[in-house]
Amino acid sequence: MKRLKRLVLLLVLLSLLVPTSLVVARTPVQRLLVIRNRTGGDIVIDMVNANDKHNSFVVNPGVYRFYIKEGVYDVYMSTACGNTSGVWNVNLRKTLFTSCRGGLTVLLDKEFLGSRMTKFTGD
């Protein structure tokens, strides 16, 4: 019986010595993406990661928040005023501004936090 208790105690101690960073590192980080759709219509977004996995969704006019796995994506967008494509590096909180004023305008920038905000005019 003492041998079993010692074995259990040894296993517990060994499990405490394993770095938690190894366990946490395997968990994919989710980043906040805020989309401000000012196009006057729906936006269809298709995001493709390095493994060719497609994530498609539709964004109605307005402001929406999505959580996306951190990574680099090829992005294809279809809007009321045209189509566009590009590469997004989702490595921190970001805001996507879209507008159809004077043609399609798309701006992806880090999310501004605090009292210092920039004004997006859509020009």
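Which residues form a nonpolar patch on the surface? In this predicted model, the patch is made of L4, L7, V8, L10, L11 and V12, and together these residues have about 540 Å² of accessible area. Take L11 as one of them: this leucine sits in helix 1, which covers residues 2-17. L11 has a relative accessible area of 52%, so it falls in the exposed class, for which the cut-off is over 50%.

**Strands 2, 3, 5 and 6**

Let's move on to the strands, beginning with strand 2, residues 43-48. Five of its six residues are buried, so the rest of the structure largely encloses this strand. Strand 2 pairs with strand 3 (residues 54-59) through six bridges, and the two run antiparallel. Within that pairing, V48 has H54 of strand 3 as its bridge partner.

Strand 2 also pairs with strand 5, again antiparallel, with five bridges joining them. Here V44 stands opposite S78 of strand 5. S78 turns up again in the pairing with strand 6, where it stands opposite N83. So how many bridges join strand 5 to strand 6? There are nine, between residues 71-79 on one side and residues 82-90 on the other, and these strands run antiparallel too.

Both strand 2 with strand 3 and strand 5 with strand 6 form hairpins. Five residues lie between strand 2 and strand 3, while two residues lie between strand 5 and strand 6.

The turn between strand 2 and strand 3 has a detail to look at when you have the backbone on screen. D52 lies in that loop, and its phi is near 60°, a positive value in a residue that is not glycine. The side of D52 open to solvent is easy to put a number on: with 59% relative accessibility, D52 counts as exposed.

Over in strand 3 you'll find N55, which is partly exposed at 31% relative accessibility. N55 and V75 are 20 residues apart in sequence, and their C-alpha atoms are 9.6 Å apart in space.

**Side-chain contacts**

Now for the links made by side chains. The table puts three pairs next to each other.

| Pair | Kind of contact | Value |
|---|---|---|
| C81 and C100 | disulfide | S to S 2.0 Å |
| E70 and R31 | salt bridge | closest N and O atoms 2.9 Å apart |
| F57 and F66 | aromatic pair, tilted | ring centres 4.7 Å apart, planes at 40° |

The structure holds one disulfide, the bond between C81 and C100. A disulfide is a covalent bond between the sulfur atoms of two cysteines. This one links distant parts of the chain, with its cysteines 19 residues apart: C81 is in the loop between strand 5 and strand 6, and C100 is in the loop between strand 7 (94-99) and strand 8 (105-110). The hairpin of strand 5 and strand 6 has two residues between its strands, and C81 is in that loop. The angle about the S-S bond is -80°, which makes the link left-handed. Are the two cysteines buried or exposed? Neither class fits: C81 is partly exposed at 31% relative accessibility, and C100 is partly exposed at 21%.

There is one salt bridge by the count used here, and it joins E70 to R31. E70 lies in the loop between strand 4 (62-69) and strand 5, and R31 lies in strand 1 (residues 30-38), so the contact ties together parts that are 39 residues apart in sequence. As for cover, E70 counts as partly exposed at 38% relative accessibility, and R31 is partly exposed as well, with a relative accessible area of 25%.

That leaves the aromatic rings, where the structure holds one pair. Why does the pair of F57 and F66 count as tilted? The ring planes are at 40°, and an angle that is neither under 30 degrees (stacked) nor over 60 (edge-to-face) puts a pair in the tilted class. The two phenylalanines fall in separate accessibility classes: F57 counts as buried at 19%, and F66 counts as partly exposed at 23%. The cut-off for buried is under 20%, so F57 at 19% is on the buried side of it.

Notes
Residues numbered from 1 in each chain as written. Predicted model: local features only at pLDDT ≥ 70, side-chain atom pairs only at ≥ 80, totals over all residues. Heavy atoms only, no water. Patch = residues over 30% accessible without salt bridge, like charges linked within 9 Å, V, L, I, M, F, W, Y side chains within 5 Å. Areas by Shrake-Rupley, 256 points an atom, 1.4 Å probe, with all protein chains shown as cover. Salt bridge = Lys/Arg side-chain N within 4 Å of Asp/Glu carboxyl O. Helix = DSSP H or I, 4+ residues; strand = E, 2+ residues; numbered from the N terminus. Buried < 20%, exposed > 50% of the residue type's maximum accessible area, 1.4 Å probe, protein only. Phe/Tyr/Trp six-rings, centres within 6.5 Å; stacked < 30°, edge-to-face > 60°. Pairing = 2+ DSSP bridges. Disulfide = S-S within 2.5 Å.
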